[in-house]
Amino acid sequence: MLTKSEIKRIRSLGDKTGRENENRFVAEGEKLVGELLDSDFTVHEVYRVGENVSAAEMGRLSFLRTPTPVLAVAEIPARPAGANVEGLCLALDDVQDPGNVGTIIRLADWFGVREVFCSPATADCWSPKVVQATMGAILRVRVHYGPLEPLLKRAAESGVPIYGTFLQGENIYSLDLAPDRGVVVMGNEGRGISTAVAGRVSHKLHIPPYPFEASDPTSESLNVAMATAIVLSEFRRRGCRS
């Protein structure tokens, strides 16, 4: 039986302050916990209904609406904010919705993007909502937090192209894109890419509505996770041409 203090400690990992104090995060579900145990992450605790906790206790521990039979607590890996930009990378400029951040990390995993750089105001990738939304991708994609402007400045000085999505950008379908090199910046859900970060973008991209010449009104913009899927698909498609 878990004590109240043990339950309180695990529940504290739902808050960023608690995660920072403990340097740990929570993963739930058979698939996710199974992948976690098979990874090189350090797992400190595993709770399983019928083995070391009751269903009622799992209900108090879980961050899900419908608790799963298994929950694990693992150590947050050290990720330097000033990591090198290699290959095709993503940069998230104040993307604040946990579901969007989790989905984008999952997309990065699918499209072979191994580094995701996040501004400090971007939703914490180790929050329970983001971890669950990644569907295990958080174990394979390296996510870094820190100011984006100096990172992009260093990358640009090294000759790395910096891409960003804008309503006033160039049609992504008609541009030459390097499928394996560059940083793709995705902006905040409401404000888009910030002024400081936009100043470092060398290639402004636009995903046009269809048909391109349509005069009828369309949706004002795309969800940032949807836009990320389209952009990464376009980059990788260029690398599949025979």
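Start by selecting Phe25 in this predicted model. With 1% relative accessibility, Phe25 counts as buried. Now add Phe41, which is buried as well at 10% relative accessibility.

**The Phe25 and Phe41 rings**

Show both side chains and look at how the rings meet. Phe25 and Phe41 make an edge-to-face aromatic pair, with 6.1 Å from centre to centre and 80° between the planes. Which parts of the chain does this pair tie together? Phe25 belongs to strand S1 (residues 24–28), while Phe41 sits in the loop between helix H3 (30–38) and strand S2 (43–48), so the contact links parts that are 16 residues apart in sequence. Add Trp126 to the selection: Phe25, Phe41 and Trp126 form one aromatic cluster.

**The sheet around S1**

Keep S1 on screen and bring up its sheet. This is an open sheet of 3 strands in the order S1-S3-S2, with antiparallel pairing. S1 and S2 are the edge strands, each pairing on one side only. From one strand to the next, the twist averages 15°.

Zoom in on S2 and strand S3 (residues 70–75), which pair in the antiparallel sense over 5 bridges. Select Arg48 here, and you will find Val70 of S3 standing opposite. Then show helix H1 (residues 4–11), which packs on the sheet and touches S1, S2 and S3. The direction of helix H1 makes about 115° with that of S2.

While you are looking at helices and rings, select Arg11 together with Phe63. The charged end of Arg11 sits over the Phe63 ring, 4.3 Å from its centre.

**Over to Tyr163 and Phe235**

Next, select Tyr163 and Phe235. Are these two residues buried or exposed? Tyr163 counts as buried at 4% relative accessibility, and Phe235 is buried with a relative accessible area of 0%. Their rings form an edge-to-face aromatic pair, 4.8 Å centre to centre and with 80° between the planes. Tyr163 lies in strand S7 (residues 162–171) and Phe235 in helix H9 (residues 224–239), so this pair ties together parts that are 72 residues apart in sequence. The model's count comes to 4 aromatic pairs, including the two you have now visited.

**The six-stranded sheet**

Follow Tyr163 into its sheet. Tyr163 stands opposite Val184 in S8, and 3 bridges join S7 to strand S8 (residues 182–186), the two running parallel. Colour the rest of the sheet to see the overall arrangement: it is open, has 6 strands in the order S6-S5-S4-S8-S7-S9, and its pairing is parallel.

Which strands stand at the edges? They are strand S6 (142–145) and strand S9 (203–206); each has a single partner strand, so one side of each is left without a neighbour in the sheet. The twist in this sheet averages 35° from one strand to the next.

Now display helix H5 (residues 98–110). Helix H5 lies across strand S4 (88–92), S5 and S6, and runs at about 175° to S4.

For another charge and ring, select Lys204 and Phe166. The charged end of Lys204 sits over the ring of Phe166, 4.9 Å from its centre.

**A stop at Asp124**

Select Asp124, in the loop between strand S5 (115–118) and helix H6 (128–134). Asp124 counts as buried, at 15% relative accessibility. What does Asp124 touch, not counting residues up to four places away in sequence? Show Lys16, Arg19, Val130 and Tyr145, and you have its contacts on that basis.

**Last stop: the cysteines**

Finish by selecting Cys89, Cys118 and Cys125. How many disulfides does the count come to? The count is 0. A disulfide here needs two cysteine sulfur atoms within 2.5 Å. For Cys89, the closest cysteine sulfur is in Cys118, 12 Å away and too far for a bond. Cys125 is in no disulfide either, and its nearest cysteine sulfur, that of Cys118, is 6.5 Å away. As for their surroundings, Cys89 is buried with a relative accessible area of 0%, and Cys125 is buried, also with a relative accessible area of 0%.

How values were computed:
Residues numbered from 1 in each chain as written. Predicted model: local features only at pLDDT ≥ 70, side-chain atom pairs only at ≥ 80, totals over all residues. Heavy atoms only, no water. Phe/Tyr/Trp six-rings, centres within 6.5 Å; stacked < 30°, edge-to-face > 60°. Helix = DSSP H or I, 4+ residues; strand = E, 2+ residues; numbered from the N terminus. Buried < 20%, exposed > 50% of the residue type's maximum accessible area, 1.4 Å probe, protein only. Lys NZ or Arg CZ within 6 Å of the ring centre and 35° of its normal. Pairing = 2+ DSSP bridges. Axes fitted to C-alpha atoms, helices over the stretch in contact; angles between N-to-C directions. Contact = heavy atoms within 4.5 Å.
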